[in-house]
Structure formats: structure tokens, C-alpha cells
Amino acid sequence: MQITEIYKSLQGESTYAGLPCVFVRLTGCNLRCSWCDSEFSFHGGKKMTLQEVLTEVARLSPSGGLVEITGGEPMLQERDVIPLMEQLLDADYQVLLETSGERPLARVPKQVIKIVDVKCPHSGEPDTFALENLETLRPHDELKFVLTDRTDYEFARDFVVRHRLAERVHAILFSPAFEKAASGARDTSHCLLDPQELAQWILEDNVPARLSLQIHKLIWDPAAKGV
Ligand code: SF4
């Protein structure tokens with residue numbers, strides 16, 4: 001499979017945030033989100049066999065733990081990434097899959113925790129989430145909405161209610177988008193939507209969502225890669 005990078009860091013944006021995690025970033029994406037911070041994964045990378053990826057994960061985290069499969073869009077390499085997830089589960093890793101939900105998710109092993117990033121209107125990629133993937137969700141999965149403004153918030157709020165997401169998944173994450181070119185200051189001044197404003201909206205509407213900040217951008221320089 002085509003791999004951009006494999007590295008160990010702290011998980012940054014889910015209910016697993018703060019935990020040590022090995023990231024396996026697959027190359028290639030079929031979307032172009034306006035706030036994407038992973039454009040370096042669109043092209044290039046290197047071809048690695050399943051065994052080479054497993055060996056590198058084991059080197060970084062020899063005694064199990066959390067592994068996140070991310071991208072790009074990892075499900076574009078479904079033929080290779082499904083066996084990778086199966087083998088990681090067999091080796092007793094806890095596996096997270098970060099995906100836009102644009103590709104079918106029916107073949108993802110049921111033990112994998114899906115973190116599905118449903119694209120909002122101002123992502124530049126609205127309506128790309130495949131609604132049939134709602135039926136693949138399991139109680140341990142998480143749905144994430146990256147928000148830039150009130151329009152995005154209202155879309156996410158209404159989507160949560162319309163599809164009764166609180167009954168389907170473990171967590172619904174509302175995350176302010178970060179400026180794409182942010183660097184230097186490690187604070188929320190780089191958020192495109194003020195977290196305080198978002199917090200007020202969530203409280204006013206009593207949305208069953210949790211405010212989620214990308215903690216890796218508050219710990220390290222927002223422009224840093226491999227963290
Ligand atoms: S789906 Fe993810 S990797 Fe692809 S453009 Fe959007 S944010 Fe970037």
C-alpha cells in the first residue's frame with residue numbers, strides 16, 4: 001500500500017485524545033477540504049507491504065496500544081487497508097479509522113472504531129458523506145464535524161437530530177477548524193470559529209455533542225508534521 005508516514009504521537013481529536021498512538025497515514029485523497037491540514041498526503045509516499053507496515057507499528061509500539069489509520073482517505077486503498085486492520089486487531093492493537101465516510105464502510109472490521117468526519121457546507125466538500133454508511137455505525141464509533149462558522153454549525157446540529165446520531169454512536173464531536181497556514185502560536189486564536197462561541201451555541205441548543213479541540217495543535221507548533 002502507499003504510505004505517507006508512520007509515526008508515534010498523542011491522539012489529538014476524538015475521545016481518545018491525549019493517549020499515545022501510532023499513526024499510519026495512507027497516501028491519497030479524493031476530496032479537497034478548504035481547511036485540510038494533510039495536503040502533503042495527497043501525493044508521493046512510498047509503497048510498503050503489509051508486513052513492513054506491521055513491523056514498523058510493532059517497532060514504535062511493541063506492547064499493543066492504539067493505532068490510528070488515517071490519510072488522506074485510507075478507504076481509497078480498501079483492498080490493502082482491510083487486511084491491515086484485521087492483522088492489527090489480531091495483534092491486540094486497538095484500531096481507530098479516520099475517514100470522511102465518502103467510500104463504503106461496510107467491510108471495515110466491526111472491532112475497528114470509526115471516526116467519521118462528516119463534511120459541512122463550508123468545507124468545500126459538502127454532501128460527500130454516503131448516507132448508507134449510517135447503517136455501518138456501531139455504538140463505539142464517533143462522528144466528527146469540523147466547523148468554520150454558524151452555517152456549518154447549523155448543518156451539523158440538524159444532521160445530528162435528523163439522523164438520531166446520539167442513539168447510534170459513542171460520541172459526536174464538534175471541532176472548530178484550524179487556519180490552514182497556522183504556525184507559531186499554540187493557541188485557539190488560529191481557530192476559524194471561536195471555541196467560546198461554539199460552546200455557547202451547543203449550550204443554547206442543548207446539542208448532544210462534545211466540543212473537541214485539536215490538542216496536537218495546542219501542544220506543538222500548528223504547522224509541525226509527524227506530531
Ligand atoms: S478528507 Fe481529510 S485528507 Fe482529504 S482533503 Fe479533506 S481533510 Fe484533507
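**Helix packing, sheet order and ligand shell in a predicted model**

Helix α1, formed by residues 50–60, packs against helix α2, formed by residues 78–90, at an angle of about 40°, and the two axes lie 10 Å apart. This angle makes α1 oblique to α2, since an angle counts as roughly parallel only under 35 degrees and as roughly perpendicular from 65 to 115. The structure described here is a predicted model. In general, the angle between the axes and the distance between them serve to describe two packed helices. The crossing in which α1 passes α2 is right-handed. On the side of α1, the contact is made by Leu50, Val53, Leu54 and Val57, while α2 contributes Asp80, Pro83, Leu84, Gln87 and Leu88. Sorted by class, the contact of α1 with α2 comprises 7 nonpolar, 1 polar and 1 charged residues.

The strands form an open sheet of 9 strands with mixed pairing. Their order across the sheet is β3-β1-β2-β4-β5-β6-β7-β8-β9. Strands β3 and β9 (210–211) stand at the edges and have a single partner strand each, so one side of each is left without a neighbour in the sheet.

The pairings can be followed along this order, beginning with β3. Strand β3 (residues 46–47) and strand β1 (residues 2–10) run antiparallel and are joined by 2 bridges; within this pair, Ile3 stands opposite Lys46 of β3. Strand β1 is also antiparallel to strand β2 (residues 20–26), to which 7 bridges join it. Here Lys8 has Val22 in β2 as its bridge partner.

The pairing of β2 with β4 is parallel and comprises 5 bridges, and Val24 has Ile69 in β4 as its bridge partner. A parallel pairing over 5 bridges likewise links β4 and β5, where the bridge partner of Leu66 is Gln94 in β5. Strand β5 (residues 93–99) then runs parallel to strand β6 (residues 113–117), with 4 bridges between them. In this pair, Leu96 is matched with Ile113 in β6 as its bridge partner. Elsewhere in the sheet, helix α3 (residues 150–162) lies across β7 (142–147) and β8 (171–176). The direction of α3 is at about 160° to that of β7.

Two features of the backbone concern loops next to α2. Most residues other than glycine have a negative phi, and most peptide bonds are trans. Against this background, the peptide bond that joins Gly71 and Gly72 is cis, with omega about 10°. Gly72 is placed in the loop between β4 (65–70) and α2. Asp92, which is not a glycine, has a positive phi of about 70°. The location of Asp92 is the loop between α2 and β5.

The ligand is surrounded by Cys29, Leu31, Arg32, Cys33, Cys36, Ser38, Gly71, Gly72, Glu73 and Ser100. By class, this shell contains 4 nonpolar, 4 polar and 2 charged residues. Gly71 and Gly72, the two residues joined by the cis peptide bond, are thus both among the residues that surround the ligand.

How values were computed
Residues are numbered from 1 along each chain as its sequence is written. This is a predicted model: local features need pLDDT of at least 70, side-chain atom pairs count only at pLDDT 80 or more; totals for chains, interfaces and linings use all residues. Axes are lines fitted to C-alpha atoms, for helices over the stretch in contact, and angles run from 0 to 180 degrees between N-to-C directions. Angles under 35 degrees count as roughly parallel, over 145 as roughly antiparallel, 65 to 115 as roughly perpendicular and the rest as oblique. A crossing is left-handed if the near helix is turned anticlockwise from the far one by less than a right angle, and right-handed if clockwise. Two residues are in contact if their C-beta atoms, placed from the backbone, lie within 7 Å. Ala, Val, Leu, Ile, Met, Phe, Trp, Tyr, Cys and Pro count as nonpolar, Asp, Glu, Lys and Arg as charged, and the others, Gly among them, as polar. A residue is near a molecule or strand if its C-beta atom, placed from the backbone, lies within 6 Å of it. Two strands pair if DSSP finds at least two bridges between them.
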